[in-house]
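Here is a brief report for the bench. Please look over the sequence and the structure first.

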Amino acid sequence: MIDGKKVLFSGMQATGNLTLGNYLGALKNWVSLSDEYECFYSVVDMHSITIRQDPSEFRRRARNLLTLYIAAGLDPEKNCIYYQSHVSGHAELAWILNCFTYMGELNRMTQFKDKAAKHADNINAGLFTYPVLMAADILLYQADVVPVGVDQMQHLELTRNIAERFNNIYGEVFTVPEAYIGKVGAKIMSLQDPSKKMSKSDENPNASIYLMDDPDTIMRKCKRAVTDSEGCICYRDEQPGIKNLIDIYSACTGKTPQETVKEFEGKGYGELKPAVGEAVISVLRPLQEEFARLSKDKAYLDSMIKANAEKAGYYAAKTLRKVQRKVGFPDRIR
């Protein structure tokens with residue numbers, strides 16, 4: 001708890017370009033949480049280097065992601081928005097937690113198996129211990145809640161296990177985090193393969209709408225979206241492509257899927273697709289304009305980055321000092 005509020009932690013990697021799915025499924029919903037929670041939103045750049053990055057491009061993407069957080073409506077005065085790599089406590093706590101995590105637990109992590117298969121030429125130790133760094137991210141700020149998707153639940157369970165194991169040895173040091181259960185964001189699927197989520201790492205450029213796509217590109221991708229030959233605009237699992245377009249339109253307009261189906265009753269796919277495109281363009285235009293404005297204000301961004309790194313560092317140090325003392329590290333002479 002900080003000032004009577006529960007603590008919430010979340011973050012995104014600075015790899016690839018954020019998609020409409022990232023925005024509607026997560027980022028958009030983060031904005032409303034700062035009134036209820038003390039929120040820490042990290043650009044988790046340390047996680048990203050398990051895969052080789054081009055340094056200058058990586059720095060650019062990290063700054064763009066942090067700028068997008070603000071452009072999307074996250075107030076850096078209310079939320080702590082910072083680079084993970086600017087707070088050394090993440091790495092320091094991760095090493096200590098490594099010593100309280102078992103090899104068998106890490107061997108069971110399905111994401112490690114998936115990533116190792118994709119990057120067989122670079123199966124490094126960081127890829128293996130990635131979940132421990134994630135645990136450190138969360139426990140460092142004594143987070144009460146963490147918004148996680150289904151694919152990250154296994155990592156959160158490991159975080160809880162590590163926290164409970166440490167607490168059982170040394171007393172109540174860590175808050176044991178819960179999964180955040182709140183307003184569920186729209187689950188946006190690939191425009192080219194609606195059986196899988198829209199992804200910023202999809203190799204098919206027409207599969208994902210990126211937050212910085214221009215209006216012509218957005219419209220083209222929507223018009224090329226995979227549908228079916230039924231010709232009926234219905235919201236059902238048997239028509240995954242149409243169902244996905246309805247979800248996108250509904251999320252962008254604030255309508256329910258049922259209201260969207262009624263709106264397009266008697267109309268064809270040739271009318272639905274451009275309407276979806278226009279709805280997406282309308283939602284992303286203010287975000288893109290604010291991103292452009294913020295990107296030009298280097299002094300503001302730099303001051304915010306410095307202030308938020310100091311805030312994150314303050315809370316991280318409180319936890320880290322307690323942990324270091326519990327495990328027996330010598331006191332620092334100040």
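The text below covers a helix pair, a cavity and a recorded motif.

The model is predicted.

**Helix pair**

Helix 9 spans residues 215-223, and helix 12 spans residues 269-296. The two pack at an angle of about 145°. Their axes lie 8 Å apart. The crossing is right-handed.

Helix 9 brings Pro 215, Ile 218, Met 219, Cys 222 and Lys 223 to the contact. Helix 12 meets them with Lys 273, Pro 274, Val 276, Gly 277, Glu 278, Val 280, Ile 281 and Leu 284. Sorted by class, this contact has nine nonpolar, one polar and three charged residues.

**Cavities**

Two cavities of 30 Å³ or more are found in the structure. The second largest holds about 30 Å³ of space. Its lining includes Ser 190, Leu 191 and Pro 194. Ala 225, Val 226, Gly 241, Asn 244 and Leu 245 also line this cavity. No charged residue is in the lining of the second largest cavity.

The table sets out residue classes for the two groups.

| Group | Nonpolar | Polar | Charged |
|---|---|---|---|
| Contact of helix 9 with helix 12 | nine residues | one residue | three residues |
| Lining of the second largest cavity | five residues | three residues | no residues |

**Recorded motif**

Which residues does UniProt list for the 'HIGH' region? The unreviewed entry gives residues 14-22, as a short sequence motif. Over residues 14-22 the chain is 33% helix and 0% strand. The end C-alpha atoms of this stretch are 13 Å apart.

Key
Residues numbered from 1 in each chain as written. Predicted model: local features only at pLDDT ≥ 70, side-chain atom pairs only at ≥ 80, totals over all residues. Heavy atoms only, no water. Axes fitted to C-alpha atoms, helices over the stretch in contact; angles between N-to-C directions. Helix = DSSP H or I, 4+ residues; strand = E, 2+ residues; numbered from the N terminus. Left-handed = near helix turned anticlockwise from the far one by under 90°. Contact = heavy atoms within 4.5 Å. Nonpolar A, V, L, I, M, F, W, Y, C, P; charged D, E, K, R; others polar. 1 Å grid on protein atoms, 1.4 Å probe; cavity = no way out; pocket = protein on both sides within 12 Å on 5 of 7 lines; lining within 4 Å. Points joined across faces, edges and corners; volume = space filled by probe spheres on them. UniProt positions renumbered as here; feature names shortened; annotations may be inferred.
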